[in-house]
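Visitor: I am new to this structure and would like to learn how to read it feature by feature. Could you show it to me, and then take my questions in turn?

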Protein chains: 2
Amino acid sequence: MRVRASRPPVMADVARVAGVSHQTVSRVLNDLPNVHPSTRKRILQAIEELGYRRNLSARALVTRHSRVLGVVSFDTTLYGPASTVHGIEQAARAAGYFISIVSLKAITRDSVKEAIQHLAGQGIDGIVVVAPQRQAAQALASVPDNLPAVAVEGGRARKVPVVSVDQVGGARLAVQHLLDLGHETVWHVAGPDDWLEAEGRLKGWRDTLEAAGRRVPDVLTGDWSPRSGYEAGHRLPAEATAVFVANDQMALGLLRALSERGVRVPDDVSVVGFDDLPEAEFFSPPLTTVRQDFGLVGRHSIELLLGQLQKDPPARQRRVSVAASLVPRASTAAPPGA
Amino acid sequence: MRVRASRPPVMADVARVAGVSHQTVSRVLNDLPNVHPSTRKRILQAIEELGYRRNLSARALVTRHSRVLGVVSFDTTLYGPASTVHGIEQAARAAGYFISIVSLKAITRDSVKEAIQHLAGQGIDGIVVVAPQRQAAQALASVPDNLPAVAVEGGRARKVPVVSVDQVGGARLAVQHLLDLGHETVWHVAGPDDWLEAEGRLKGWRDTLEAAGRRVPDVLTGDWSPRSGYEAGHRLPAEATAVFVANDQMALGLLRALSERGVRVPDDVSVVGFDDLPEAEFFSPPLTTVRQDFGLVGRHSIELLLGQLQKDPPARQRRVSVAASLVPRASTAAPPGA
DNA sequence: CGGGCGAGTGTTAGCGTTCACAGTTAACCG
DNA sequence: CGGTTAACTGTGAACGCTAACACTCGCCCG
């Protein structure tokens, strides 16, 4: 029976219908005590009747809190970033926050900086920067001092707490797995130089080989794309019996190249990837890989961020590291001569 | 040399420093005419000096526009939705809008409805619902009347304009390609019943076969996952020489299953997928598939949405269809006996 | 029985913008 | 040189909400 109002109802309208002051309506809306049950009921009824929704701009104006969190990310088309952002979104929503996303096509120091400024101007309460590249990590310096922030894979960011997957440890698992199978040494197809994840995996690979006293072969470098893995696969020396590829997409390309060359996996060469794409289990052969729990990373980052929003911030943890785990499948086996 | 203010500067502060009224500052900020160049310069300088940023909550409160658009999507971890949302985000940002995302784990009528309500309460200017399931399409009815909205893959939504890829046409391309190669008929691994995309591809497949007067085999059904494609691959009758799989992930699983069965692709069986994942080119063998331009879909949806925000909405287009294209690779060839 | 207290409610004053005006110049025209 | 006009600038009032405080009861206590 309600007339379609030209203007959406405001608190005063509710107050009038319920026969109280707007302040009492506000109290009900914010679950404050000292409102008589019967009054509360009348107000709730009026809200229902009018289809009232509180105006969050007005609320944000006075409280200085928007309950919106900003996220800056690189190419959310990729599985890793997409999963991380998804995890962040889920965790934020569970905590009653909204997510405003800026997804960058290219990561340069300036583009990240601009994105951060852009979001900061939006009146957000905090910001998560999914910053897997060194340049992005540097741009973290441009986060305003008064804006709570968290970096994901942000390297040794100075001002900002960082959540990251233990890339070094994950790489160690992969390489050790291959050594345990009896391979003399392990080759590596790395990600792009300027990516922190690539750096960590490279380090984990090298450290593990050196710790085992093995020869450290030349590094092949790709750009994460299947194509670059394919090219690496064609450049891989015939003597190699084991390869640790820095992500699953490149591993796929490499598998393809090896198949074209008539090299059998795992009979002639063992291959380990990184990421555990949903597809990895169905590669030919199914790919042994290292799984990262992106959802957990997202959850941790929100946790850290919301921690900073508390009145008395808990001794703010500077780094949270999430363990990676090995998923053994059919792309790894003992070396040919064994 | 600026003192770290306890409170961020506001327009009045800028006005004081520049020796003008707050209204003139506002004029500069909004690029309105009739401000003396020298005054403008002084104001800009003051803004710079104070590090002033305009408070968007206050602005939104009075203009009744937040310049934020809401997006409701299903599992942004998947390539399709992720790419679409990415396209939406890019297009929106180019137009000066921010994106607030709600990503659903499961699509039910209620969850979509709740997400829409949730966003509507956020004071957004418009909403894009990436609604590839029938249930989600139904939930579109719960978009408030006064809130501009656009559906992506939204079926025959009544109230809301829809942007979608021409699934039927894409499927036709795939099936016709196989028939042209000389195959007697084409089998189909479909997506889940309640997905509109699955429905469209199924229809395109069936129509094309019927138009050509071919036998229409029983449909195998999956759930988009590689695993379900794998299972379908094991159920595929030995007589089949060509399969059109409703997405690339399932096609991957199917390829794996066929490989295990000793069935050669494309020698014994030809396979066509749908989506053109970045990985598809490096499957074994490289997958012939149908490409969808998700970015274009995103751009169109924003275009349609912003159109509704104009004062005099242009004769609002009810449906925009984006063509799909065939990408021939090595997984298709003439049938064995040919 | 006066005073204190606590529950419940109302009043007022912002929050930082933009909008609708109302001024104030200086320039221009006949 | 009076009057119209255009360019520029300022004033006051919203926008819808919350925070701080003030008020009114009824009740309990000494």
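Visitor: Which residues are closest to DNA strand C?

Guide: In this predicted model, 25 residues surround DNA strand C, and the closest are Gln23(A), Met11(B), Ser26(B), Asn55(B) and Ala58(B). Helices H2 (22-29) and H4 (56-63) of chain A, together with helices H2 (22-29) and H4 (56-63) of chain B, each supply at least two residues of the surface near this strand. The largest share, five residues, comes from H4(B).

Visitor: How do the residues of the surface near DNA strand C divide into nonpolar, polar and charged?

Guide: The surface near DNA strand C has 10 nonpolar residues, 12 polar ones and three charged ones.

Visitor: And which residues come nearest to DNA strand D?

Guide: Around DNA strand D there are 25 residues, of which Met11(A), Ser26(A), Asn55(A), Ala58(A) and Thr39(B) come nearest. Here H2 and H4 of chain A, along with H2 and H4 of chain B, each give at least two residues to the surface near the strand, and the largest share, five residues, is that of H4(A). By class, the surface near DNA strand D holds 10 nonpolar, 12 polar and three charged residues.

Visitor: Since H4(A) has come up, which of its residues are buried?

Guide: To call a residue buried, one asks for 20 or more other C-beta atoms within 10 Å of its own. In H4(A), the buried residues are Leu56(A), Ser57(A) and Ala60(A). Seen down the axis of H4(A), these buried residues fall within an arc of 100°, so they line one face of the helix. They pack against H4 of chain B. Just after H4(A), Arg64(A) takes a positive phi of about 65°.

Visitor: How should I read the contact between the two chains, and how many residues does each chain bring to it?

Guide: Chain A and chain B bring 37 residues each to the contact. On the side of chain B that touches chain A, at least two residues come from each of H4, helix H5 (79-94), strand S2 (98-104), helix H10 (226-235) and helix H11 (248-261). S2(B) gives the most to that side, with six residues, and by class the side of chain B has 14 nonpolar, 17 polar and six charged residues. Of the interface residues of chain B, 100% are also interface residues in chain A, so the copies meet through the same surface.

Visitor: What turn and shift lay chain B on chain A?

Guide: The general idea is that two copies of a chain are related by a rotation about an axis and a shift along it. In this structure, a turn of 180° and a shift of 0.1 Å along the axis lay chain B on chain A with an RMSD of 0.2 Å. The two copies are thus related as by a two-fold rotation axis.

Visitor: Finally, how is a single chain built, and how many helices and strands does chain A have?

Guide: Chain A has 12 helices and 12 strands. Its radius of gyration is 26 Å, well over the 20 Å that the globule rule gives for 338 residues, so chain A is more spread out than a compact globule. Along its principal axes, the C-alpha trace of chain A spans about 90 × 40 × 30 Å. Buried residues make up 50% of the 338 residues in chain A. Among the contacts in chain A with a separation of 6 or more, 67% are between residues 24 or more positions apart.

Terms used:
Residues are numbered from 1 along each chain as its sequence is written. Chains are lettered from A and ligands numbered from 1 in the order in which they are written. This is a predicted model: local features need pLDDT of at least 70, side-chain atom pairs count only at pLDDT 80 or more; totals for chains, interfaces and linings use all residues. A residue is near a molecule or strand if its C-beta atom, placed from the backbone, lies within 6 Å of it. Helices (H or I, at least four residues) and strands (E, at least two) are DSSP runs, numbered from the N terminus. Ala, Val, Leu, Ile, Met, Phe, Trp, Tyr, Cys and Pro count as nonpolar, Asp, Glu, Lys and Arg as charged, and the others, Gly among them, as polar. The radius of gyration is taken over C-alpha atoms; the globule rule is 2.2 Å times the number of residues to the power 0.38. A residue is buried if 20 or more other C-beta atoms lie within 10 Å of its own, exposed if 12 or fewer, and partly exposed in between; C-beta atoms are placed from the backbone. Two residues are in contact if their C-beta atoms, placed from the backbone, lie within 7 Å. The arc is that of the directions from the helix axis to the C-beta atoms. Copies are superposed by least squares on the C-alpha atoms of residues with pLDDT of at least 70 in both.
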